[in-house]
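User: Could you walk me through how the sheet and its packing helix fit together in this model?

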Amino acid sequence: MEQVLEDPDELAVLEEIQQELILQEQLVIEEYERSLRFDEECLNAMLDGLDASDRVICPVCRKNNLTVKAHLVCCQCGLYISTQDMTEGKLRSLLESTLTEHSQRCLHSPEFTVTSGMEEEASLLMSCPVCDSWMILL
């Protein structure tokens with residue numbers, strides 16, 4: 001047997017429940033779409049980073065890209081080193097070969113710092129406190 005709802009109060013309650021369910025569904029859909037947009041933005045940022053493969057991450061702060069000019073290597077973190085005929089490719093190659101050479105002797109990651117003496121210009125120093133090695137790169 002079917003029960004027919006004729007009471008206006010019951011119909012109003014059912015209508016209110018239906019509207020609430022529709023609203024909740026819309027909120028879930030909006031949250032899902034926001035999540036998709038966020039995922040797409042993250043993916044685009046990662047792809048942009050891959051496109052910038054000619055960039056070199058600063059070995060000192062490990063956050064910013066280095067600016068490399070013929071006579072200067074600098075970073076927003078304060079790294080500022082005078083160089084001669086330096087390119088991003090040469091610098092990347094230098095860093096990679098130095099890290100590879102170190103990793104063949106020691107399993108720990110070296111640290112990079114900028115040093116300067118009284119009369120000397122700033123230099124990029126790679127040192128490892130574990131194996132007690134150090135090397136001036138620039």
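What follows is a short exchange about the sheet, the helix and the core.

Analyst: Ground rules before we start: this is a predicted model, where local features need pLDDT of at least 70, side-chain atom pairs count only at pLDDT 80 or more, and totals for chains, interfaces and linings use all residues. Residues are numbered from 1 along each chain as its sequence is written, and side-chain values use heavy atoms, with hydrogens and water left out.

User: In what order do the 3 strands of the open sheet sit?

Analyst: Strands here are DSSP runs of E with at least two residues, helices are runs of H or I with at least four, and both are numbered from the N terminus. Two strands pair if DSSP finds at least two bridges between them. E4 and E5 (residues 123–128) run antiparallel with 5 bridges, while 4 bridges join E5 to E6, also antiparallel. That gives the order E4-E5-E6.

User: Why is one side of E4 and of E6 left without a neighbour in the sheet?

Analyst: E4 spans 111–115 and E6 spans 133–136. Both stand at the edges, so one side of each stays free because each has a single partner strand.

User: Which residues of E5 point the other way from Ser123, Leu125 and Ser127?

Analyst: In a regular strand the side chains alternate between the two faces of the sheet. Buried means under 20% relative accessible area (1.4 Å probe, protein chains only), with exposed over 50% and partly exposed in between. By that cut-off, 6 of the 6 residues in E5 are buried. The ones facing the other way are Leu124, Met126 and Cys128.

User: Which residues stand opposite Leu124 and Ser127 of E5?

Analyst: These two pairings link E5 with E4, strands joined by 5 bridges. Leu124 has Val114 across from it. For Ser127, the residue opposite is Glu111.

User: Leaving aside neighbours within four places in sequence, what is Thr98 in contact with?

Analyst: Thr98 sits in helix H2, residues 88–105. With 4% relative accessibility, Thr98 counts as buried. Contact means heavy atoms within 4.5 Å. On that basis, Thr98 touches Met126, Met135 and Leu137.

User: Which residues have the most contacts inside the largest nonpolar core?

Analyst: A nonpolar core is a set of buried Ala, Val, Leu, Ile, Met, Phe, Trp, Tyr and Cys residues joined through side-chain atoms within 4.5 Å. The largest one has 17 residues, and H2 and E5 each supply at least two of them. Those with the most contacts inside it are Leu66, Val73, Leu79, Leu91, Leu95, Leu124 and Leu138.
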